[in-house]
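These are my notebook entries on one chain, kept in the order in which I looked things up. I begin with a loop residue and its accessibility.

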Amino acid sequence: MRTSTGDLTEELSDDRPVFGPELGEFSESERRAAEAGDEEGMKTGTTTVGLTTEDGVVLATDMRASMGYMVSSKDVQKVEQIHPTGALTIAGSVSAAQSLISTLQAETNLYEARRGKDMSMEALSTLTGNLLRSGAFFVVQPILGGVDEEGPHIYSIDALGGTTEEDYTVTGSGSQYALGVLEQEFNEEMAIEDAKTLAARAIESAVERDLASGNGINVAVVTEEGVEITRHKEFDEVL
């Protein structure tokens with residue numbers, strides 16, 4: 001565990017590692033990863049999508065959580081702000097995803113306090129991948145979307161920490177249905193409102209065929225101004 005090196009507001013040199021957690025390492029992660037593989041806890045099932053535009057990124061998810069063949073919740077928040085201009089969707093184990101989000105929120109706050117600037121999206125994506133690779137957050141497959149000085153970014157991050165930057169991406173049990181819609185209609189020059197409509201259509205397509213997805217849609221719009229998250233029980237509110 002790392003210990004404090006003094007005043008959090010002091011300026012740190014640029015050679016300090018930026019891709020490791022500020023909070024320290026996660027002990028016994030291999031044991032917890034093995035145990036997670038045997039758990040029958042609540043899972044999101046889910047469909048999540050993320051796509052870039054010229055002015056920002058749009059993330060969207062359904063709102064259903066399942067436990068086996070039962071719908072355990074119809075009102076799950078599957079996208080959360082984790083950075084002043086960044087958000088994360090979740091697919092997989094709910095408890096692990098909630099823990100990952102809390103950890104990332106703490107890490108970005110500590111980074112800003114110690115360095116006097118916000119973490120870049122590249123650094124945040126690498127940190128997220130490293131946390132997943134530690135085995136402490138099995139099994140979660142998030143999408144990270146955000147805006148920094150270099151522009152909008154969408155990262156697909158698998159459950160083992162592999163990270164790929166994409167123009168658009170999908171995760172979850174309904175991903176194949178959503179991906180077909182994005183493949184046909186995505187345009188790099190589309191406006192944010194058009195991207196919101198496309199993301200909603202992709203989620204709606206998955207909900208029609210995937211039993212583990214449904215009950216509404218969460219939409220996050222991320223620009224250089226910040227993160228706005230809205231919740232809609234009816235798709236017509238977004239389409």
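**Entry 1: Asn215.** I looked up Asn215 and put it down as partly exposed, because its relative accessibility is 22% and the class runs between buried (under 20% relative accessible area) and exposed (over 50%), with a 1.4 Å probe and protein chains only. Accessible areas come from the Shrake-Rupley method, and for residues only the protein chains shown count as cover. Asn215 sits in the loop between H5 and strand S11 (217–223). I took helices (H or I, at least four residues) and strands (E, at least two) as DSSP runs, numbered from the N terminus. The phi of Asn215 is near 70°, which is positive in a residue other than glycine. I noted beside it that most residues other than glycine have a negative phi, and most peptide bonds are trans.

**Entry 2: the model.** The model is predicted; local features need pLDDT of at least 70, side-chain atom pairs count only at pLDDT 80 or more, and totals for chains, interfaces and linings use all residues. Residues are numbered from 1 along each chain as its sequence is written, and side-chain values use heavy atoms, with hydrogens and water left out.

**Entry 3: a cis bond.** I checked the peptide bond from Phe138 to Val139 and found it cis, with omega near -10°. Val139 belongs to the loop between helix H3 (121–133) and strand S7 (143–148).

**Entry 4: the S3 and S4 hairpin.** Strand S3 (residues 65–67) pairs with strand S4 (residues 70–73) in the antiparallel sense over 3 bridges; I counted strands as paired if DSSP finds at least two bridges between them. Ser66 has Val71 in S4 as its bridge partner. The hairpin has 2 residues between the strands, and Gly68 takes a positive phi near 65° there.

**Entry 5: salt bridges.** I used the rule of a side-chain nitrogen of Lys or Arg within 4 Å of a carboxyl oxygen of Asp or Glu. The count by this rule is 4.

Lys78 and Asp62 form one of them, at 2.9 Å from N to O. Lys78 is in the loop between S4 and strand S5 (79–83) and Asp62 in strand S2 (residues 57–62), so I wrote the pair down as a link between distant parts of the chain, 16 residues apart. Lys78 is buried because its relative accessibility is 0%. Asp62 is also at 0% and counts as buried.

Asp75 and Arg231 form another, with the closest N and O atoms 2.1 Å apart. This pair too links distant parts of the chain: Asp75 is in the loop between S4 and S5, Arg231 in strand S12 (residues 226–232), and their positions lie 156 residues apart in the numbering. I logged Asp75 as partly exposed at 44% relative accessibility, and Arg231 as partly exposed with a relative accessible area of 36%.

Arg201 and Glu185 also form a salt bridge, with the closest N and O atoms 2.4 Å apart. Arg201 is in helix H5 and Glu185 in helix H4, so the pair ties together parts 16 residues apart in sequence. Arg201 is partly exposed at 37%, as is Glu185 at 32% relative accessibility.

**Entry 6: Glu188.** Is Glu188 buried or exposed? I entered Glu188 as exposed because its relative accessibility is 54%. Glu188 is in the loop between helix H4 (175–185) and helix H5 (192–209).
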